[in-house]
Amino acid sequence: MLMREAKNGLSDEVKRIAKVEGVEPERLRSLIARGLVAVPRNAGRDFPGRAVGMLMSTKVNANVGTSKDYDDCDEEVRKAKIAVQYGADAVMDLSTGHDRDSVRKSLIKELDVPVGTVPIYHAARKRRNAVDMTSDDLFNSVREHAKDGVDFVTVHCGVNRNSLERLKNDPRLLNIVSRGGALTLAWMLHNGKDNPFYEEFDYLLEIASEYDLTLSLGDGMRPGCMADATDRPEFMEFITLGELVRRCREKGVQCIVEGPGHVPLDDVELSVRAMKKLTGDAPLYLLGPLVTDIAPGYDHVVGAIGGAVAGMAGADFLCIVTPSEHLALPTVDDIREGVIVGRIAAHVADTVKEGQRERARLLDERMSRARGDLDWKAQMGLAIDPERAERIRGTRMPEGETCSMCSDLCAIKLVRDALNQKAMDKSDQRGA
């Protein structure tokens, strides 16, 4: 498996990824071996790996999936393909509808990026009442997904008796908003037992090791609003996840850690740095974070603001937020919009990120040169969303080489022409 292989020497796969990421192969090998970088890819799949973690470019994940109200497998697969087309580095299937198995298997078959799932959703649907799940239901779901070829799974191992006690002692405005975290907590309270994924973590590691399945240690206690951010239940979960990261590394199992959802802007850096510290710099995967609660319909923008700040502080993997967040199941257009905005946040983070700053800023420099040359073809080629840029320019196209905002009063053209004229005048004077 990749982490154990990395401890033994440099492979062709690591060399390929290192070239894509612009880092030294031996350095990347060391980072993978130490668990500071993860490359989620099931042993049964073959596609170009994506590296997530220290010194790597900031990656973007898109969530898709059916629900009981909208159970259309084909539409979710189409959303996933659109997400990848517009630059998503990974896709996570959150399906809870009747056709969830078909969605998962179709995504694995048709996508050439890492595919993730949340097995507790599958286990919960096996029973009439989710709290009647058994430990076997949970682990069998993980194994089934791994056997199908899933590359990474979210497991809410940090929701245990300790974090539950903190939640009881520190009441929240919204308690738990993580669906997997809520299912786990409800099961624990109903059955009077601790979380099976936490109590039997060694068994989870056995399954992961067998399939080279990357464990995404879920943030079941993540805050769901500004008022609940950076509290004791959240930090108790951070501490637990840090202990589990160590156990993953000891067994050669790749893992990433998931982080908080709603965080005030001035707490984003604190949250990221605290998670990195407590989890031994494990690759960090964040939803957003969302930095205000009052923008339904525009939460993709809110998430991009938080994501850029989080990436600057050290986050490695950003889960997109769509305009439908908090409102409805996203449409195909929502997914596309979310991916584009998420990629903008990731690039902004990379312009200041160690290991990626020079490469990221080179793209901005190339765009600046194209603008200076009024080279519209080059500008469209460098744009994160060239289709939209071309469409906007095409609807208000001027006659000349400028844009229709300034027309003949274009600052770039005025200065360029003036400098050229000055140079010509000096040349004429010399000739005379």
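**Domain contact, strand β8 and nonpolar cores**

About 810 Å² of area is buried between domain 1 and domain 2, and carbon and sulfur atoms give 50% of this area. Of the area that domain 1 buries against domain 2, 47% is supplied by R336, H347 and T351, more than by any other three residues. The structure is a predicted model. In the domain assignment of the protein, domain 1 spans 57–354 and domain 2 spans 359–429. The centres of the two domains, taken over C-alpha atoms, are separated by 42 Å. Contact across the boundary involves 11 residues of domain 1 and 8 residues of domain 2.

Strand β8 (residues 255–259) is mostly covered, with 5 of its 5 residues buried. In a regular strand, side chains alternate between the two faces of the sheet. For β8, the residues on one side are C255, V257 and G259, those on the other are I256 and E258, and both faces are covered.

Strand β8 has parallel pairings with β7 and with β9. Strand β7 (residues 214–217) is joined to β8 by 3 bridges, and the two strands run parallel. Within this pairing, S216 of the chain stands opposite I256 in β8. A right-handed β-α-β unit is made by β7, helix α12 (residues 232–250) and β8. The pairing of β8 with strand β9 (residues 284–287) is likewise in the parallel sense and comprises 3 bridges. Here E258 has Y285 in β9 as its bridge partner. From β8 the chain passes through helix α13 (residues 265–278) to reach β9, in a β-α-β crossover that is right-handed.

The largest nonpolar core comprises 95 residues, and L107, F201, L204, L215 and L217 have the most contacts inside it. The greatest contribution to this core comes from helix α15 (residues 332–350), which gives 7 residues. When neighbours within four places in sequence are left aside, the contacts of L217 include I256, V257 and E258, and these three residues are among those buried in β8. The remaining contacts of L217, on the same basis, are V155, C157, F201, L241, L244 and V245. A second core, separate from the largest, consists of 16 residues, among them L2, V14, L31 and V37.

Technical notes:
Residues are numbered from 1 along each chain as its sequence is written. This is a predicted model: local features need pLDDT of at least 70, side-chain atom pairs count only at pLDDT 80 or more; totals for chains, interfaces and linings use all residues. Side-chain values use heavy atoms; hydrogens and water are left out. Buried means under 20% relative accessible area, exposed over 50%, partly exposed in between (1.4 Å probe, protein chains only). Helices (H or I, at least four residues) and strands (E, at least two) are DSSP runs, numbered from the N terminus. Two strands pair if DSSP finds at least two bridges between them. A crossover is right-handed if, with the strands pointing away from the viewer, the path from the first strand over the helix to the second runs clockwise. A nonpolar core is a set of buried Ala, Val, Leu, Ile, Met, Phe, Trp, Tyr and Cys residues joined through side-chain atoms within 4.5 Å. Contact means heavy atoms within 4.5 Å. Domain bounds come from an automatic or database domain assignment. Buried area is the accessible area (1.4 Å probe) that two parts lose on being put together, summed over both.
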